[in-house]
Amino acid sequence: VSISLAPTAFRLNLRCGSKAAGSVGKALGLDLPRQPNSSATAGSRFALWLGPDEWLVVDPKENPIMALGNIDAAHSAVDISHRNTAVLVSGPSAADVINAGCPRDLSADAFPVGHCARTVFGKVEIVLFHEREDAYRVEVWRSFSDYVFTHLETAARSAS
């Protein structure tokens with residue numbers, strides 16, 4: 001299992017109603033996912049469904065909030081780039097390592113590639129994204145990142 005910090009990225013907490021979601025998504029260059037626990041990707045940017053009117057938008061190249069400057073649709077967009085960071089977990093035992101601290105069923109049937117969820121890891125809230133086969137992104141508040149990283153490393157050593 002490989003565990004590493006993700007490269008720096010811009011992050012946006014986005015809230016809007018269903019009427020505005022189409023316009024907001026178009027401005028961001030992707031269709032905001034509307035199904036629970038789903039994601040959408042366009043280029044380097046991806047959006048994770050967190051609730052019926054809430055998404056986490058991540059882009060390592062450009063700040064997505066800049067795309068929303070001139071749209072005429074009711075929304076709330078808060079740049080949380082400073083607050084969050086991500087830990088990348090990959091390899092054949094990645095799901096087992098994450099399950100050492102996360103109660104979520106990560107089997108392929110229950111949590112396929114492209115799925116995401118706000119959940120817990122140990123004692124902290126995370127947003128878990130199944131990016132690719134055997135590869136997960138753990139979004140976490142920066143202040144809890146050492147705790148999550150150390151917990152994952154310990155679980156990886158135990159799984160070896």
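**Strand pairing, cores and salt bridges in the predicted model**

Strand 2 and strand 5 run antiparallel and are joined by six bridges, a pairing described here, as are all features below, from a predicted model. Within this pairing, Arg15 stands opposite Glu54 of strand 5. Strand 5 is also joined to strand 4, again in the antiparallel sense, by five bridges, and Gly51 has Glu54 in strand 5 as its bridge partner. The connection between strand 4 and strand 5 is a hairpin that passes through two residues.

These pairings belong to an open sheet of five strands, arranged in the order 3-4-5-2-6 with antiparallel pairing. Strand 3 (39–42) and strand 6 (76–79) form the edges, each of them pairing on one side only, and neighbouring strands of the sheet are turned against each other by 20° on average when direction is ignored. Strand 2, which spans residues 10–15, pairs with strand 6 over four antiparallel bridges, and Leu12 has Asp79 in strand 6 as its bridge partner.

As to solvent exposure, strand 5 is mostly covered, with six of its six residues buried. The covering extends to both faces of the strand, since Glu54, Leu56 and Val58 on one side and Trp55, Val57 and Asp59 on the other are all buried.

Side chains of opposite charge can pair when their charged atoms come close. In this model the count of salt bridges comes to seven. One of these joins Asp53 to Arg15, with the closest N and O atoms 2.9 Å apart; because Asp53 lies in the loop between strand 4 (45–51) and strand 5 (54–59) while Arg15 lies in strand 2, the pair ties together parts that are 38 residues apart in sequence. Both partners fall between the limits of 20% and 50% relative accessible area that bound the partly exposed class, Asp53 having a value of 30% and Arg15 a value of 34%.

A salt bridge is also formed between Arg45 and Asp59, whose closest N and O atoms are 3.0 Å apart. This pair links distant parts of the chain, with Arg45 in strand 4 and Asp59 in strand 5, 14 residues apart. Arg45 is buried, at a relative accessible area of 7%, and Asp59 likewise counts as buried, at 2% relative accessibility.

In a further salt bridge, Glu139 is paired with Arg137, the closest N and O atoms being 2.7 Å apart. Glu139 counts as buried at 2% relative accessibility, and Arg137 is buried with a relative accessible area of 8%. Elsewhere, salt bridges that share partners join Arg15, Asp53, Glu54, Arg118 and Glu125 into one network.

The largest nonpolar core contains 23 residues, and those with the most contacts inside it are Ile3, Val89, Ile98, Leu128, Tyr136 and Leu152. At least two residues of this core are supplied by each of strand 7 (84–90), helix 2 (94–98), strand 8 (116–121), strand 9 (124–132), strand 10 (135–141) and helix 3 (145–159), with helix 3 contributing the largest share, five residues. Apart from this core lies another, of 15 residues, among them Leu12, Cys16, Leu28 and Leu32. When neighbours within four places in sequence are left aside, Ile98 is in contact with Val89, Leu106, Phe121, Leu128, Tyr136 and Leu152.

Note on methods
Residues numbered from 1 in each chain as written. Predicted model: local features only at pLDDT ≥ 70, side-chain atom pairs only at ≥ 80, totals over all residues. Heavy atoms only, no water. Core = buried A, V, L, I, M, F, W, Y, C linked by side-chain atoms within 4.5 Å. Buried < 20%, exposed > 50% of the residue type's maximum accessible area, 1.4 Å probe, protein only. Contact = heavy atoms within 4.5 Å. Pairing = 2+ DSSP bridges. Axes fitted to C-alpha atoms, helices over the stretch in contact; angles between N-to-C directions. Salt bridge = Lys/Arg side-chain N within 4 Å of Asp/Glu carboxyl O.
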